[in-house]
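Please explain how this protein chain is put together, going from single features of the backbone to the chain as a whole.

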Amino acid sequence: MISFKINIMRLLIGASFILGLNLGANKFSDSTFLFCLESDENPLSIRRDGNGFRVDNIELDRALHKTGVLNIEPWISSATDRDRYKDVYLNRIYRVYIDKDRGDVRSAMSFLNSMYSFLYIEHENIHELHYQPNDPSYDQQCSISSVKADKAWGFWDIASGIVPDGQEVLLASVDTGVDYTHPDLKASIWINQEEIPELVWEIVLDLGADLNSDGQMSSLEIENFLIMSGMDNNGDGEINLRDLVYENDDNIIGANTSVFLDGVDQDGNGFADDIIGWDPSGTYSMDDADPYPREGASTTGTWAHGTHVAGILGATTDNGVGMASTAYNAKIISVKVSRDYQQTDPGINDGYDGITYAAKAGHRDLNNNNSWDPGEPFTIINNSWGGGGYSFSENTVIQNAHSNYGAVILSSAGNGDDPQGYYSEEYPAAYDNVLSISAIGCSGNWGGWATYHESVDLAAPGENILSTVIGEGYDSWDGSSMASPNAASVIGLLRSYYPDWSNDQLIDRILFSSDDFIYDLNPDYVDCPDNSGNPVVGGYCIGVGMVDAYKAIGMDFSPNIRLQGYDYEVTDGDGDSVLNPGDSFNLFITLDNEADWASAQNVSVQLEASSDLVEISENSLFISNFISGESYTNESPIQVQLNSSMGLEDVEFYVAVSATGADGYQYSESLFFNIPVSLFQEGFPYDTNSQIGGSPLTVDLDGDGSLEIIFGDYAGLIHVLNTDGQSWNPDIFPYDIGDDIWGSASSADIDLDGNIDFLVGSTNDYLYCFDQFGLKFDYEVGQPLIGTPAIGNIDSDDELEVVVGGYSSSGDLFAVNHDGTSVEGFPVEVNDKIRSVALRDFDDNGLDDIVITTDGDDIMAVIYDDLSLEVLFTAGNKFKSSPSLLKVGDDYAVMAGSYDDSMHAVSISGEILFQIEVGENVNSSTSFVDLGGVAYAFFGADDGFVYAVDMNGDPLNGWPKDLGGGVNISTSVSFSDLDGDGVPEAIIGVSGKLYAFYMDGSLYDKFPISYEFAFTGTPTIVDLDEDGDLEILLGSSGSLVAVDIMEAGTSDGYWNQDRANNKRDGYYEISGSECVDPMSGDVNCDGEINISDIVLMVNYIVNMGQLSEYELWASDINQDQIVDILDVIVAVNLILG
């Protein structure tokens, strides 16, 4: 048994999609990830100050800061060396925080992994939703998951109709008014039952308008009553809640005062007819019972502010309309405190009056003692506004509302626009008994604009917050105005679960349960800088943490069991730690019960796989007592077997957890994680975060018997890797040349010193030559080099030369000696753009001639060794593909594609051999393959097809292949015999898929392989690790991929990379089909009849191979002019004697 510890990063990069632990719709945290140190490394000592953090491992500290890490922290703060499983120590696992504005989590993980050797790096998991409402815009509300409302809803059985009871949860929007007719708000509008006149009640009962017969009228029942009664009181042509509070003061003809308005203060709260709220600012400062925004105001302007706040507070949830709110089923009291003379950007004129009204409206003095007592209802009052300094009068309003009416009061901390600066205290937020709410992003990052101060109590999401606006629409806004109602709505949900709690109990719990992870992301705001830059020590200036609905409700009675991670040991595979189809492995999962939650008893854990092709044994775990703050890993392995027929996909595992919490609470949780199954070579993909063009070069650079992998990227880095994906000679490589590398590297011992040299061109106008010891020379051409250098013999000396073409309208052809000097007679003026060239000694004089194509004058030409230039062909548009040379017998063919929508095949004398018309431009260069002595040319086009034709231009059976409309194919095909059957396969990467085709056009098993990045280079196929099977190396827009075929095969003798070979001379030769000693049945002309001949015959019969004229003759053993199974039977009999 071979045991490997999982390297999550490598598996992650090596999967078809972004992988790791994928949990639910939001698969993993987008601002944090985890790493684990090797067991022989010491735990880190982390030091934080005003400049950030430092760790006592100098190499790792440098890597973390180069990656742009904001902060790190121990993942399990209480862990010691005792807390471990095998090589994984919990006190060596750390959480890393990144700035999302600088890049995504995956890129940061890849970069950090390339700079330091960890035991593993992985995504940080999040939980699957217990319940998701059916509101169409729910997925656009990042704040719901940020405050963990989605998790908190799981404490009710919403799917069975048991929902948060919000009838007594009153959320007041003291603001610019609320459009209480909005489709997503009208069902949530508070109705003051005691203010409904008795006469109206009699009519209601007569009409049966109390639809649920509960003795109360909801806002929807009132609207229905108005419709049933035809009460279009304001005469606007529609009946809605505006007619409920319409008063015809101006005696408008056709309008009537609502029957609900009788001018009597029925409930004795000092406000007559306040059925749905109050307007203490009124029309021209006259108070009234209609808290609607200013008439005619813009639907999305500042007058919609109160409506936006109201939607966050209490939009009706799970109604199939628009958005959801955390409070789920609460009631909204609209209090309009902006005066109507302000046409466009209203201020808050009567805010404290509005606070007083809201406090009184929500309180019912059940004990008749003119004060608030426990058990009496109260209001949660949101104030998304502020300004000015301390005022005794204002403070009196606040303390009165809190103490005498039991209100919970919240206020936005500000948007950083105070004249003093970002560091300031805003009022009413800074008064005692007001929860001051600062705005942060949904990820927990302070956005650089919101007010901060030690007077701030809590943080809540305030960026890109979707909510209702006037009319029927929605809009996303930023502001602490949005953060405050997000916190208020959480308190509303908490009150639904604990209806007997007082305001102080709710406040204490919401503060204690907050999530202080925000200071891991924003450490500067623990000791925040004041406006002079001096630290406010211990200020915690964005509050005690992010408001957390899930913990606030559940921490007393519920455990919170989470999946920390997983580990596996491959027990039957191919010798590496990458899981392949057919492998078996032992699985270990680690769970923890989060601190500050209830302990769990009788914990049952069941593990299932989503695929029938995954077999799990011993899949049940039991934990008798799972104490809060502890973790658990199964000691006995869970045995998993992967079926060999399964595809290359993630294996999704489902972990069903059930347990008993405090007071018999029945806890259940569903956890998910994915383990990738792939054919990727261990150590790959290798992340570059930059596009790779051309084709990787594989060569034993240092003569140690192992191959090195050489390639360049668009960031200007030349990479040299070992076969395991680790950097080779990191003191030199990657080598930064400072500009794009588009082509492939070429190699040969050009100076005959016994060391392999490799050449790279760049758009910075230089050609670079390296050997194992580093840079040998750089040669300035003064023109961009986007093609691949070709190596050949251009002059009469023994050493080799390098040929490159300048990509410029005045482009030249350059030939460079082994010492970095120009070959005599070069550069040759072509005055056109040249990509890669092809080399061949056409006249057998020992000197290579040069074939070029251009994309200005659109020519295909030969530059002979005497430097004369002969144009072979002029296309109808520019050549964007490089020329490829084929020799069959004594005949040469030059092929190149053009933007005249054709592939052109021309003889060396300029005769047109054939032309293949395609649907769009041709950027792909031609590759050649020998099928039984018959030459075939393969190429792609921008019409999405890959073409295969013989040297008459006739298509190969099963071709062309359509790889999808709209796919532009600029890469080229490579060939190798992947399965060792004597017949090659064609391999090409297009967009985000890697294809391998049999010669009949059918797909090779497990292909195409999908990948997260687009493939941008031509495959190199080689036995990279010398294990007898082939690997496919291929560049993408962000990494280098290596696919392990896992079948014995060979690339010998095939066009298996860009430009055919390591010299990149673009030349391929086929000897032809002549057999010196022909014999019937000896199909491959090796002098004997054996199983190899039968393989060729069978492949031909089943349309998987092509036969030459001789091979067809040799296969037709019974001479009936047909090659069929009867010939195979004869061959078998001949072999058996």
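Pro734 sits in the loop that runs between strand E33 (717–721) and strand E34 (735–736). In this predicted model, the peptide bond joining Phe733 and Pro734 is cis, with omega at about 5°. A second cis bond leads from Phe1007 to Pro1008, and its omega is near 5°. Pro1008 is likewise a loop residue, placed between strand E56 (985–997) and strand E57 (1009–1015).

Two other loop residues stand out by their phi angle. Leu752 is not a glycine, yet its phi is positive, at about 60°. The loop that holds Leu752 lies between strand E35 (746–748) and strand E36 (757–761). Asp318, also not a glycine, has a positive phi of about 60°. Asp318 belongs to the loop between H8 and E12. With a relative accessibility of 27%, Asp318 counts as partly exposed, because that class covers values between the 20% limit for buried and the 50% limit for exposed.

Helix H8 (residues 305–314) comes before that loop. Is this helix enclosed or open? Ten of its ten residues are buried, so H8 is largely enclosed by the rest of the structure. The buried residues include His305, Gly306, Thr307 and His308 at one end of the list, and Ile312, Leu313 and Gly314 at the other. What covers the buried residues of H8? The cover includes several strands, among them E9 (170–175), E12 (331–336) and E13 (379–383). Strands E17 (465–468) and E18 (474–477) also take part in the cover, as does helix H11.

Helix H11 leads on to the nonpolar interior. The largest nonpolar core has 133 residues, and those with the most contacts inside it are Leu244, Leu587, Phe653 and Phe673. Helix H11 (residues 480–497) gives this core its largest share, which is eight residues. There is also a second, separate core of 40 residues, and Ala937, Ala941, Val949 and Phe975 are among its members.

Strand E60 (residues 1039–1048) is another enclosed element. Seven of its ten residues are buried, so E60 is largely enclosed by the rest of the structure. Which strands pair with E60? Strand E59 (residues 1029–1035) is one of them: E59 and E60 run antiparallel and are joined by six bridges. A hairpin of three residues connects E59 to E60, and Gly1035 has Leu1040 in E60 as its bridge partner. Strand E30 (residues 686–687) also pairs with E60 in the antiparallel sense, over two bridges. In this pairing, Asp687 stands opposite Ser1039 in E60. In a regular strand, side chains alternate between the two faces of the sheet.

Two partly exposed residues show other surroundings. Glu238 is found in the loop between helix H7 (219–228) and strand E10 (277–283). Its relative accessible area is 48%, so Glu238 counts as partly exposed. Apart from its neighbours within four places in sequence, Glu238 is in contact with Asp232 and Asp243. Ile227 is eleven residues from Glu238 in sequence, and their C-alpha atoms are 9.0 Å apart. Ser1092, by contrast with a loop residue, is part of helix H15 (residues 1091–1101). Ser1092 has a relative accessibility of 35% and is therefore partly exposed. Ser1092 and Asp981 are 111 residues apart in sequence, while the distance between their C-alpha atoms is 8.5 Å.

The last step is the chain as a whole. How many helices and strands does the protein chain have? Its secondary structure comes to 17 helices and 61 strands. The C-alpha trace spans about 115 × 70 × 65 Å along its principal axes. Of the 1137 residues in the chain, 59% are buried. Among contacts between residues at least 6 apart in sequence, 61% join residues at least 24 apart. The accessible surface comes to about 41900 Å², and carbon and sulfur atoms account for 44% of it. As for charge, the chain carries 43 positive and 189 negative side chains. The centres of these two sets lie 7 Å apart.

Key
Residues numbered from 1 in each chain as written. Predicted model: local features only at pLDDT ≥ 70, side-chain atom pairs only at ≥ 80, totals over all residues. Heavy atoms only, no water. Helix = DSSP H or I, 4+ residues; strand = E, 2+ residues; numbered from the N terminus. Buried < 20%, exposed > 50% of the residue type's maximum accessible area, 1.4 Å probe, protein only. Contact = heavy atoms within 4.5 Å. Areas by Shrake-Rupley, 256 points an atom, 1.4 Å probe, with all protein chains shown as cover. Lys, Arg positive; Asp, Glu negative; His and termini not counted. Charge placed at Lys NZ, Arg CZ, Asp CG, Glu CD. Pairing = 2+ DSSP bridges. Core = buried A, V, L, I, M, F, W, Y, C linked by side-chain atoms within 4.5 Å.
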